Amino acid sequence: MKHELPKLNYSYDALEPWIDAKTMEIHYGKHHQAYADKMNAVLEKYPELAEKNPIELMKNLSNLPMDEKDRSAFKNNGGGYINHSLFWKVMGAKKEVDESLVRAVESAFGSAEEFKKIFSETALGQFGSGWAWLVWDENGKLKIYSTPNQDSPYSVGHTPVICLDVWEHSYYIKYQNRRAEYVENWWNILKLI
Ligand code: MN
């Protein structure tokens, strides 16, 4: 079974002007597709794994019955597949505020504004390519951190809630090196909070 990209629930230009249509087209159609293709190529070698949900496989990353080269390829490309699938879902042109999440964020970080401040600092502090995350940790607590490359919180037993891609491919066409401006503008299209 080949895993396909989840459908985008909006058009490439829906997130304008904060994320431009060209970036969406390349990011979803080329980058995300490439992660899916490469993940599928690894899983094809393991028919007993290929039918499973990639998230379930990622939760079991260190114990997957594959050689180290393939494990590394799944970590990177399965991670890229899973991470982007969530990224498209948390964004939208219209707010769809998750009130229970907002209350949990206020309880964990003091206020929604404080949460945004810490999350933005974390996104800006990620050196090089990676992601900023809001996750539920293994004890049911909300945590903010960043990961390099396509590392997935699922691989350490956490459940991601919100993610922000800070790879340059996610902002370079519009923002060039101005990651701070991209991060600041991104709050306009995060629909959950
Ligand atoms: Mn990306």
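This text walks through the salt bridges, one lysine, the aromatic pairs and the nonpolar core of the structure. The model is predicted.

Start with the charged pairs. The count comes to 10 salt bridges. One of them joins Asp-70 to Lys-45, with the closest N and O atoms 3.0 Å apart. Asp-70 lies in helix α4, which spans residues 68–90. Lys-45 sits in the loop between α1 (21–43) and α2 (47–50). The partners are 25 residues apart in sequence, so this salt bridge ties together separate parts of the chain. Asp-70 is also buried, because its relative accessible area of 4% falls under 20%.

Other salt bridges stay inside a single helix. Take Glu-56 and Lys-59. Their side chains meet at 3.2 Å, N to O. Both residues belong to helix α3, residues 54–59. They are three residues apart, which is about one turn of the helix. Glu-56 has 42% relative accessibility and counts as partly exposed. Lys-59 is partly exposed as well, at 45%.

Helix α6 (residues 112–125) holds another such pair, Glu-121 and Lys-117. Here the spacing is four residues, again about one turn of the helix. The side chains form a salt bridge at 3.6 Å, N to O. Glu-121 has a relative accessible area of 47% and is partly exposed. Lys-117, at 45%, is partly exposed too.

Now turn to Lys-174. This residue is found in helix α7, residues 172–175. Its relative accessible area is 31%, which makes Lys-174 partly exposed. What does Lys-174 contact, leaving aside neighbours within four places in sequence? The list is Pro-17, Trp-18 and Asp-20. The side chain of Lys-174 reaches the backbone oxygen of Pro-17 at 3.0 Å. Asp-20 is 154 residues away from Lys-174 in sequence, yet the two C-alpha atoms are 6.8 Å apart in space. Lys-174 also lies over the face of Tyr-175, at 5.6 Å from the ring centre.

Back in helix α4 there is a polar residue to look at, Ser-85. Is Ser-85 buried or exposed? Ser-85 is buried, with a relative accessible area of 16%. Leaving aside neighbours within four places in sequence, Ser-85 is in contact with Pro-6 and His-32.

Next come the rings. The structure holds 13 aromatic pairs. Phe-119 and Trp-187 make one of them. Their ring centres are 5.5 Å apart, and the planes stand at 70 degrees. The geometry is edge-to-face, because an angle over 60 degrees counts as such. Phe-119 lies in helix α6, while Trp-187 lies in the segment after α8 (179–186). The two are 68 residues apart in sequence, so the pair ties together separate parts of the chain. Both rings belong to buried residues. Phe-119 has a relative accessible area of 0%, and Trp-187 has 11%.

Trp-131 and Trp-133 show another geometry. Their ring centres are 5.7 Å apart and the planes meet at 25 degrees, so the pair is stacked. Trp-131 and Trp-133 are both buried. These tryptophans also belong to an aromatic cluster. Its other members are Tyr-12, Tyr-28, Phe-87 and Trp-88.

Last, the nonpolar core. The largest one contains 59 residues. Which of them touch the most other members? They are Leu-134, Ile-162 and Trp-186. Helix α4 gives this core its largest share, seven residues.

Follow Ile-162 outward, not counting residues up to four places away in sequence. Ile-162 touches Leu-134 and Trp-186. Its contacts also include Phe-119 and Trp-133, which were met above among the aromatic pairs. Other residues touched by Ile-162 are Leu-86, Val-90, Leu-101, Phe-115 and Ala-132. Leu-190, Leu-192 and Ile-193 complete the list.

How values were computed
Residues are numbered from 1 along each chain as its sequence is written. This is a predicted model: local features need pLDDT of at least 70, side-chain atom pairs count only at pLDDT 80 or more; totals for chains, interfaces and linings use all residues. Side-chain values use heavy atoms; hydrogens and water are left out. A salt bridge is a side-chain nitrogen of Lys or Arg within 4 Å of a carboxyl oxygen of Asp or Glu. Buried means under 20% relative accessible area, exposed over 50%, partly exposed in between (1.4 Å probe, protein chains only). Contact means heavy atoms within 4.5 Å. A polar contact is a pair of N or O atoms within 3.5 Å; within protein, one must be able to donate a hydrogen and the other to accept it, and residues adjacent in sequence count only if both atoms are side-chain atoms. Rings of Phe, Tyr and Trp (its six-membered ring) pair if their centres lie within 6.5 Å; planes under 30 degrees apart count as stacked, over 60 as edge-to-face and the rest as tilted. A charge sits over a ring if NZ of Lys or CZ of Arg is within 6 Å of the ring centre and within 35 degrees of the ring normal. A nonpolar core is a set of buried Ala, Val, Leu, Ile, Met, Phe, Trp, Tyr and Cys residues joined through side-chain atoms within 4.5 Å.
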